[in-house]
Amino acid sequence: MKLLLQQIIQLAEQAGDAILEVYQRDITAQGIHAKHDDSPLTDADLAAQQIISARLHQLTPDIPVLSEEAAATPWPERQHWQRFWLVDPLDGTKEFIKRNGEFTVNIALIEQGKPVLGVVHAPVMEKTWAALKGEGALVQHQGEQYRIHASKPQPGEVVKVVGSRSHPSPELAGYLEQFKQYEMVPVGSSLKFCLVAEGEAHVYPRFGPTMQWDTGAGHIVAEEAGATVAFEGLSNAPYHREALLNPNFLVSAL
């Protein structure tokens with residue numbers, strides 16, 4: 001599995017390179033159009049999807065793939081999957097279009113409804129977070145790898161709460177009332193999981209829509225770094241279910 005993790009890190013970086021090629025174009029040449037749900041889709045999403053799908057089929061031909069850009073597999077088929085890849089080839093398409101660099105490639109391996117391997121790659125930052133079940137979490141940056149750990153706030157320390165740039169919610173205000181002092185750390189995509197995993201933030205409460213592929217990779221990175229990830233109303237197998245839409249959840253080092 002350690003070899004597979006390194007292969008998935010390399011794959012995420014390859015997909016990131018393809019995303020950057022589109023990102024560096026003039027915005028009129030990025031192929032931006034709306035999907036059926038009015039969410040944006042770009043040439044970068046499609047290029048990354050093609051690279052990831054092809055490589056995963058080479059590496060693990062017997063493991064199916066569930067991806068944002070290929071999510072048509074019906075539940076009667078998916079419910080029999082014991083293992084599958086959960087992929088978002090470009091998480092944070094809105095951030096991509098805004099050109100703020102806060103988008104990621106997410107690849108997770110799910111077994112029995114739980115993530116056991118996860119990679120989150122931020123192409124603009126040239127930074128990759130990765131985790132393997134039972135092996136902890138790490139960051140790869142500028143040719144180096146190092147372990148990361150979630151961090152509880154010290155007594156009297158301001159609680160750092162990470163939230164979305166694109167999806168603020170009124171429920172968040174109610175949640176924040178419990179803290180005497182807090183600081184909001186706005187960031188896009190699955191980078192929110194990674195900030196908690198690195199100890200750069202203490203908690204990530206999500207009161208808004210996300211899909212399974214938005215959370216699988218960041219989920220295990222945060223957990224293996226020592227944080228907890230809890231989905232409202234779900235059992236201990238949050239990725240084995242018909243609904244692809246996630247309920248509210250909390251990522252916490254508190």
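Over the ring of which residue does the charged end of Arg 99 sit? I looked this up at the start. The ring belongs to Tyr 23, and the charged end of Arg 99 is 4.4 Å from its centre. I note here that the model is predicted.

**Arg 99 and Gln 112**

I stayed with Arg 99. Its place is the loop between α4 (93-98) and β5 (104-111). Its phi is positive, about 65°, although Arg 99 is not a glycine. Its relative accessibility is 38%, so I wrote it down as partly exposed.

I found a positive phi at Gln 112 too, about 50°, and this residue is not a glycine either. Gln 112 sits in the loop between β5 and β6. With 53% relative accessibility, Gln 112 counts as exposed.

**Aromatic rings**

Next I searched the whole structure for aromatic pairs. The search gave eleven. I took up Phe 96 and Phe 103. Their ring centres are 5.2 Å apart and their planes stand at 65°, so I entered the pair as edge-to-face. The cut-off for that label is an angle over 60 degrees. Are these two residues buried or exposed? Phe 96 and Phe 103 are both buried.

I also traced a cluster linked by ring pairs. It joins Phe 193, Tyr 204, Phe 231, Tyr 239 and Phe 249.

**The annotated binding site**

I turned to the UniProt record, an unreviewed entry. Its "binding site" annotation covers Glu 68, Asp 88 and Leu 90. These residues are spread over 23 residues of sequence, yet they cluster in space, with a largest C-alpha distance of 8.8 Å.

I checked Asp 88. It is in strand β4 (residues 83-91). Its relative accessible area is 0%, so Asp 88 is buried. Leaving aside neighbours within four places in sequence, I listed its contacts as Glu 68, Thr 104, Val 105, Asn 106, Trp 213 and Asp 214.

Leu 90 is also in strand β4. Its relative accessibility is 1%, so Leu 90 counts as buried. Which residues does Leu 90 touch, not counting those up to four places away in sequence? My list reads Ile 19, Thr 42, Ala 44, Asp 45, Glu 68, Phe 96, Phe 103 and Thr 104. Phe 96 and Phe 103 are the edge-to-face pair from my earlier entry. Glu 68, from the annotation, is among the contacts of Asp 88 and among those of Leu 90.

**A pocket and a cavity**

I opened the second largest pocket. It holds about 160 Å³ of space. Its lining includes Lys 114, Lys 133, His 219, Glu 223, Phe 231 and Pro 238. I asked which elements each supply at least two residues of this lining. They are β6 (114-122), α7 (212-224) and β13 (228-231). β13 gives the most, with three residues. Phe 231 of this lining is also in the ring cluster.

How many cavities of 30 Å³ or more does the structure hold? I found one. The largest cavity has about 40 Å³ of space. Leu 66, Trp 75, Arg 78, Trp 81, Phe 84, Tyr 239, His 240 and Arg 241 line it. Tyr 239, a lining residue here, belongs to the ring cluster as well.

**His 202**

My last entry is His 202. It lies in the loop between α6 (191-198) and β12 (203-206). With a relative accessible area of 2%, His 202 is buried. Beyond its neighbours within four places in sequence, its contacts include Ser 151, Pro 153, Glu 157, Val 196, Val 251 and Leu 254.

How values were computed:
Residues are numbered from 1 along each chain as its sequence is written. This is a predicted model: local features need pLDDT of at least 70, side-chain atom pairs count only at pLDDT 80 or more; totals for chains, interfaces and linings use all residues. Side-chain values use heavy atoms; hydrogens and water are left out. Rings of Phe, Tyr and Trp (its six-membered ring) pair if their centres lie within 6.5 Å; planes under 30 degrees apart count as stacked, over 60 as edge-to-face and the rest as tilted. Buried means under 20% relative accessible area, exposed over 50%, partly exposed in between (1.4 Å probe, protein chains only). A charge sits over a ring if NZ of Lys or CZ of Arg is within 6 Å of the ring centre and within 35 degrees of the ring normal. UniProt positions are given in the numbering used here, feature names are shortened, and annotations may be inferred rather than shown by experiment. Helices (H or I, at least four residues) and strands (E, at least two) are DSSP runs, numbered from the N terminus. Contact means heavy atoms within 4.5 Å. On a 1 Å grid over the protein atoms alone, a cavity is a set of points where a 1.4 Å probe fits but cannot get out, and a pocket is an open set with protein on both sides within 12 Å along at least five of seven lines; lining residues have an atom within 4 Å of a point. Grid points are joined across faces, edges and corners, and a volume is the space filled by probe spheres set on the points.
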